[in-house]
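Got the viewer open and ready to click around? Let's take a walk through this one, stop by stop.

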Amino acid sequence: MPTRVLVADPVGLFRMGVRAALERAGGFAVSEAGDETELLAAVERDRPDLVLLDLHLPPFGAVATLGRLESEHGPRVIAWALEPDGDQVLAALSAGAIGFLTKDMKAESVVRGLHTALEGQSPIRRSLLTGVIGAFQNSERRDRYGERAIKLSSRELEVLGLIALGTRNRDIAVQLDISEFTVKRHVQNILHKLNVPSRDVAAHIYRSVFGAEGAPQFAVTV
Amino acid sequence: MAVICVAPLMAEGVANALDGVADTRLLPADLEDLSTLLLTLAPDAIVVDCECRAAHVHATEHDLPLFVVPVEANGGDVPSPERLRALVVGSLLAVQVRA
């Protein structure tokens with residue numbers, strides 16, 4: 001019995017190429033979907049063993065689609081893209097993809113990846129691993145820092161945000177309409193709560209959590 | 001017809017779409033000295049799935065149709081197999097009429 005593979009990709013020419021390559025390799029029954037709606041219908045109808053899922057599948061991309069597949073259905077999904085970065089690969093894997101390939105792979109390599117998946121293993125292109133490890137480490141660091149940052153009050157987050165932008169105490173006082181003494185007190189509290197020795201380190205944590213120029217999108221009051 | 005691609009599966013899709021319409025030569029985009037190869041092959045049209053300077057220069061210098069079919073849509077419009085086929089047939093007919 002052939003392995004049922006669903007190719008979900010908005011580019012018809014690419015789907016056609018994948019279908020031709022898999023049918024030439026033999027042992028695969030291929031179906032196609034151009035967007036998430038078609039994919040969900042095809043999963044229901046064809047019960048594929050494997051799904052090759054484009055990272056940018058309309059309308060919301062592979063990560064969103066994986067969320068729906070996980071809850072409603074259950075084929076094994078291999079995501080892929082042309083030049084994905086580590087964060088994208090990690091996001092897809094975290095959302096439930098069992099592997100990640102790149103679209104510039106030769107047909108034989110893709111077929112090998114599918115066989116790897118059928119054996120219960122995770123096909124991941126070697127060139128992606130460094131990026132994935134980097135993304136994982138950054139994500140862990142962000143989580144750790146985020147746990148510490150959440151202890152800050154909304155006012156302390158405001159102060160820290162300005163520190164991260166390189167603002168001096170005197171200017172922070174003016175911007176927030178408080179005394180410089182109060183700013184210093186906030187800074188002491190921030191250093192204590194984050195358990196860091198200096199405002200530079202606190203600023204680094206802020207930038208790691210909220211991005212280089214990002215102000216917090218939420219305010220937490222302790 | 002030269003099909004120059006970074007993604008071999010895309011090249012295969014293009015070749016399938018143009019089956020019976022054109023003889024296709026599939027060329028990897030990172031091939032060394034692509035310009036010389038294009039001169040030797042002398043295609044009637046070129047299809048690329050990427051930014052390919054050699055293809056652009058050759059198409060411009062020889063007044064050839066150049067079709068761009070990106071591997072990823074990125075919100076843009078990638079021709080369907082049927083549309084690419086129609087475009088290629090139309091452009092080849094136009095070339096014949098001009099000749």
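What follows is a short tour that says what to select next and what is there.

**Before you start.** Keep in mind that this is a predicted model. Its scores are ipTM 0.93 and pTM 0.76. For chain B, the mean pLDDT is 92, and 100% of its residues reach 70 or more.

**Stop 1: the two domains.** Color chain A by its domain assignment: domain 1 covers 3-132, and domain 2 covers 150-210. Taken over C-alpha atoms, the centres of domain 1 and domain 2 of chain A are 45 Å apart.

**Stop 2: the sheet.** Stay with chain A and show its strands. You'll find an open sheet of five strands with parallel pairing, in the order E2-E1-E3-E4-E5. Which strands sit at the edges? Select 28-33 for strand E2 and 99-102 for strand E5 of chain A; each of them pairs on one side only. Going from one strand to the next, the twist averages 25°.

Now zoom in on residues 3-8 and 50-54 of chain A. These are strands E1 and E3, which run parallel and are joined by four bridges. For a landmark, click A:Val5 in the viewer and look across to A:Leu50 in E3(A), which stands opposite.

**Stop 3: helices on the sheet.** Select residues 12-25 of chain A to bring up helix H1, which packs on the sheet and touches E1, E2 and E3 of chain A. Its direction makes about 170° with that of E2(A). Then add residues 36-46 of chain A: this is helix H2, lying across E1 and E2 of chain A and running at about 170° to E1(A).

**Stop 4: where the chains meet.** Turn chain B back on. How many residues of chain A are in contact with chain B? There are 17 of them, facing 19 residues of chain B. You've already met the element that gives the most to chain A's side: H1(A), with eight residues. Colored by class, that side of chain A has eleven nonpolar, three polar and three charged residues.

**Stop 5: a helix crossing.** Last, select 86-94 and 129-149 of chain A. Helix H4 and helix H6 pack here at an angle of about 75°, with their axes 7 Å apart. That angle makes H4(A) roughly perpendicular to H6(A). Show the side chains where they meet: A:Gly86, A:Asp87, A:Val89 and A:Leu90 come from H4(A), while H6(A) brings A:Gly131, A:Val132, A:Gly134, A:Ala135, A:Phe136 and A:Ser139. The residues of this contact split into five nonpolar, four polar and one charged.

Terms used
Residues are numbered from 1 along each chain as its sequence is written. Chains are lettered from A and ligands numbered from 1 in the order in which they are written. This is a predicted model: local features need pLDDT of at least 70, side-chain atom pairs count only at pLDDT 80 or more; totals for chains, interfaces and linings use all residues. Two strands pair if DSSP finds at least two bridges between them. Helices (H or I, at least four residues) and strands (E, at least two) are DSSP runs, numbered from the N terminus. Axes are lines fitted to C-alpha atoms, for helices over the stretch in contact, and angles run from 0 to 180 degrees between N-to-C directions. Two residues are in contact if their C-beta atoms, placed from the backbone, lie within 7 Å. Domain bounds come from an automatic or database domain assignment. pLDDT is the predictor's confidence in each residue, from 0 to 100. Ala, Val, Leu, Ile, Met, Phe, Trp, Tyr, Cys and Pro count as nonpolar, Asp, Glu, Lys and Arg as charged, and the others, Gly among them, as polar. Angles under 35 degrees count as roughly parallel, over 145 as roughly antiparallel, 65 to 115 as roughly perpendicular and the rest as oblique.
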